[in-house]
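Okay, thanks for coming, everyone. Let me put the structure up and then walk you through a few spots in it.

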Amino acid sequence: MTAHARRRTGRRGLAALVCGALAAGGLAAAGVSALEPGSAQASSHREAPLISGQPQYDNTDVYAFVSPDKPDTTTLVANWTPFEEPAGGPNFYPFPEDAQYDIHIDSDGDSQGDLVYRWTFDTKIRNGNTFLYNTGQVTALDDPDLNFNQTYDIDLLKLKDQKVVSTKKIANNLPVAPSRVGDASMPDYKKLRDQAVRKVAGGTSYVGQADDPFFLDLQVFDSLYGGDLSQVGKDTLKGYNVNSVALQVPSADIRQSEKQPTVGIWSTTQRKNAKGGWTQVSRLGNPLVNELVVPLRDKDKFNASAPWNDADFAQYVQKPELPKLLEKVYGIKAPAEPRKDLVSVFLTGVQDLNQPPNVRPAETLRLNTSIKPTADPKRLGVLDGDNAGFPNGRRLADDVVDIELQAVAGELVGAKNDLGDAVNANDQAFGGTFPYLALPTSPTHAPAAKGGGDNTSARVGGGAAVPAASSSDGADDTVLIASAAAAAAGVLLVGLGLAWWRARRRGVGRIS
């Protein structure tokens with residue numbers, strides 16, 4: 001155990017209690033830290049009332065990083081459909097045909113998209129007279145026993161002044177990797193995934209299911225029922241899958257120039273309405289923004305908005321609530337306002353790192369494509385001296401929960417701290433080559449058949465987190481009542497945490 005790890009061990013209870021209490025009390029702490037993410041929830045999983053009932057259209061996370069094995073390229077990953085239970089048959093988890101999945105690129109810092117990569121989907125069923133997803137063992141993507149088949153197109157849109165000026169199809173009718181039904185049906189899922197990795201015009205593409213790469217602990221809710229902290233440090237999302245699109249392209253294709261290598265990146269979902277038009281229903285750049293950052297009244301507005309209009313939400317970033325709550329409950333002094341440090345990290349980019357010239361503040365993931373990947377990546381990214389990591393883009397293994405919690409507590413303005421949720425890595429290892437994502441979890445509990453994939457374990461103790469991640473979701477009275485109950489639970493959990501911590505710090509001292 002490193003010295004840093006030893007120093008953190010005594011504080012895990014506090015960190016987890018803070019994160020869990022804030023998650024449970026999502027409405028009580030509405031507007032928490034505003035456009036600077038700061039609390040441990042499942043990124044953008046079921047974050048707003050309208051989108052919570054439309055999981056296929058719900059962006060969960062966006063990742064953008066210089067490819068570790070191909071440093072002249074950038075890898076873009078976006079995920080949808082949160083909390084996919086592996087055994088969710090017989091229909092499992094198709095990509096929607098009435099949606100446009102978009103990844104936007106701003107190459108000059110004006111918060112307007114200059115490029116849009118757009119994914120659309122088509123479905124074909126071989127045999128409509130059966131309920132089966134597959135009618136036998138599937139050993140290849142073109143296997144006739146794969147009854148449910150999907151394909152996708154990718155269009156590259158070029159824009160000027162937020163209007164499309166040209167469209168180019170870079171992928172046409174490529175196969176989607178199917179949901180992982182189980183080892184009896186798909187004895188070698190890795191083979192299927194490998195077959196779904198395809199060359200496209202100007203890059204490499206993968207579309208299909210994956211293990212949810214986001215990792216965090218929400219099992220601390222069990223403390224509400226007796227203060228048992230033995231659950232701290234378990235990955236709540238262990239065993240859940242997501243639907244992913246991944247695209248690797250030359251960095252030169254998306255940046256303005258070698259002299260201006262920083263790009264802003266965000267994803268959106270557009271859904272076809274009854275009149276045949278398209279309506280934006282979800283948006284995501286940095287993790288943990290709309291989930292707990294934007295107040296309930298503005299969550300749907302944020303999902304329908306564009307970064308160009310993020311001045312509408314600027315009021316929340318200047319005077320975040322979370323640091324004040326930390327000071328009131330745990331004696332961690334809140335940094336002075338206005339929080340220019342958080343504006344820099346999450347809205348404009350950091351000067352001399354990933355801030356483009358003449359930047360317009362906006363909630364986008366900013367990546368300096370000229371910073372080469374490191375051979376020894378640090379999970380805390382820039383906070384630990386690794387400038388190739390978050391908030392300079394976001395790699396799959398970046399521990400954004402710990403990074404953001406430490407930042408909101410004042411790490412960047414001299415208030416050193418090591419707050420975190422004690423989950424430091426994903427439960428499944430990421431790959432060293434594109435698409436880098438871990439294989440989706442199989443519902444099969446037995447060991448994988450010979451030649452099978454590399455993560456077949458079933459979820460352990462993850463299901464209880466779903467209500468927590470949606471504490472501020474829903475549009476009817478039932479859900480609003482549940483949200484109010486969650487807020488009350490959060491207040492109670494803060495009380496329990498305070499009592500526990502006061503007892504603890506008699507012996508170990510106060511965090512500062």
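So here's a question to start with: which backbone oxygen does the side chain of Gln137 reach? Before I answer, keep in mind that this is a predicted model. Right, the answer: the side chain of Gln137 gets to the backbone oxygen of Ala184, at 3.4 Å.

Let's stay with Gln137 for a moment. If you trace the chain, you'll find Gln137 in the loop that runs between strand S4, residues 115–125, and strand S5, residues 148–160. Is Gln137 buried or exposed? Well, neither: Gln137 is partly exposed, at 46% relative accessible area. Once you set aside the neighbours within four places in sequence, Gln137 has contacts with Asp143, Asp145, Ala184, Ser185 and Pro187. And look at Asp183 while you're there: Asp183 is 46 residues from Gln137 along the chain, and their C-alpha atoms are 9.1 Å apart.

Asp183 has a partner too. Its side chain meets that of Arg180 in a salt bridge, N to O at 3.7 Å. Both ends of that pair are buried: Arg180 has a relative accessible area of 2%, and Asp183 comes in at 7%.

Let me zoom out for a second. The chain has 512 residues, and 58% of them count as buried. For secondary structure, we've got 10 helices and 12 strands. And if you take the contacts with a separation of 6 or more, 69% of them come from residues 24 or more positions apart.

Back to charges. Side chains of opposite charge can pair when their charged atoms come close. How many salt bridges do we count here? The count is 15.

One I like is Asp102 with Arg118, a salt bridge with N to O at 2.8 Å. Asp102 sits in strand S3, residues 99–106, and Arg118 in strand S4, so this pair ties together parts that lie 16 residues apart in sequence. Asp102 is buried, at 1% relative accessibility, and Arg118 counts as buried as well, at 16%.

Next, Asp399 and Arg379. Their closest N and O atoms are 2.6 Å apart, and they form a salt bridge. Both residues lie in the loop between S12 and helix H8, residues 400–408, so the pair ties together parts 20 residues apart in sequence. The burial is where you want to look at each end separately: Asp399 is buried, at 0% relative accessibility, whereas Arg379 is partly exposed, at 21%. Why does Arg379 not go down as buried? Because buried means under 20% relative accessible area, and Arg379 has 21%.

There's also a network: salt bridges link Asp153, Asp155 and Lys169.

Okay, the largest pocket. How much space lies in it? About 380 Å³. It has 20 lining residues, and those closest to the centre are Pro68, Pro377, Arg395, Leu396 and Ala397. Strand S1, residues 59–66, and strand S12, residues 365–368, each give at least two residues to that lining. Going by class, the lining of the largest pocket has 12 nonpolar residues, four polar ones and four charged ones.

Now rotate over to helix H7, residues 340–348. H7 is mostly covered, with seven of its nine residues buried. Which ones are buried in H7? Those would be Asp341, Leu342, Val343, Val345, Phe346, Leu347 and Thr348. And right after H7 you come to Gly349, with a positive phi of about 90°.

Last stop, Glu411. Where is Glu411 in the chain? In the loop between H8 and helix H9, residues 465–469. Glu411 is buried, at 12% relative accessible area. Its side chain reaches the backbone nitrogen of Asn417 at 2.9 Å. Leaving out residues up to four places away in sequence, Glu411 touches Leu383, Gln406, Lys416 and Asn417.

So, if you want to click through it again yourselves, I'd go back to two side chains that reach the backbone: Gln137, to the oxygen of Ala184, and Glu411, to the nitrogen of Asn417. Gln137 is partly exposed, while Glu411 is buried. That's my tour, thanks.

Key: Residues numbered from 1 in each chain as written. Predicted model: local features only at pLDDT ≥ 70, side-chain atom pairs only at ≥ 80, totals over all residues. Heavy atoms only, no water. Helix = DSSP H or I, 4+ residues; strand = E, 2+ residues; numbered from the N terminus. Buried < 20%, exposed > 50% of the residue type's maximum accessible area, 1.4 Å probe, protein only. Contact = heavy atoms within 4.5 Å. Polar contact = N/O pair within 3.5 Å; in protein donor to acceptor, adjacent residues only side chain to side chain. 1 Å grid on protein atoms, 1.4 Å probe; cavity = no way out; pocket = protein on both sides within 12 Å on 5 of 7 lines; lining within 4 Å. Points joined across faces, edges and corners; volume = space filled by probe spheres on them. Nonpolar A, V, L, I, M, F, W, Y, C, P; charged D, E, K, R; others polar. Salt bridge = Lys/Arg side-chain N within 4 Å of Asp/Glu carboxyl O.
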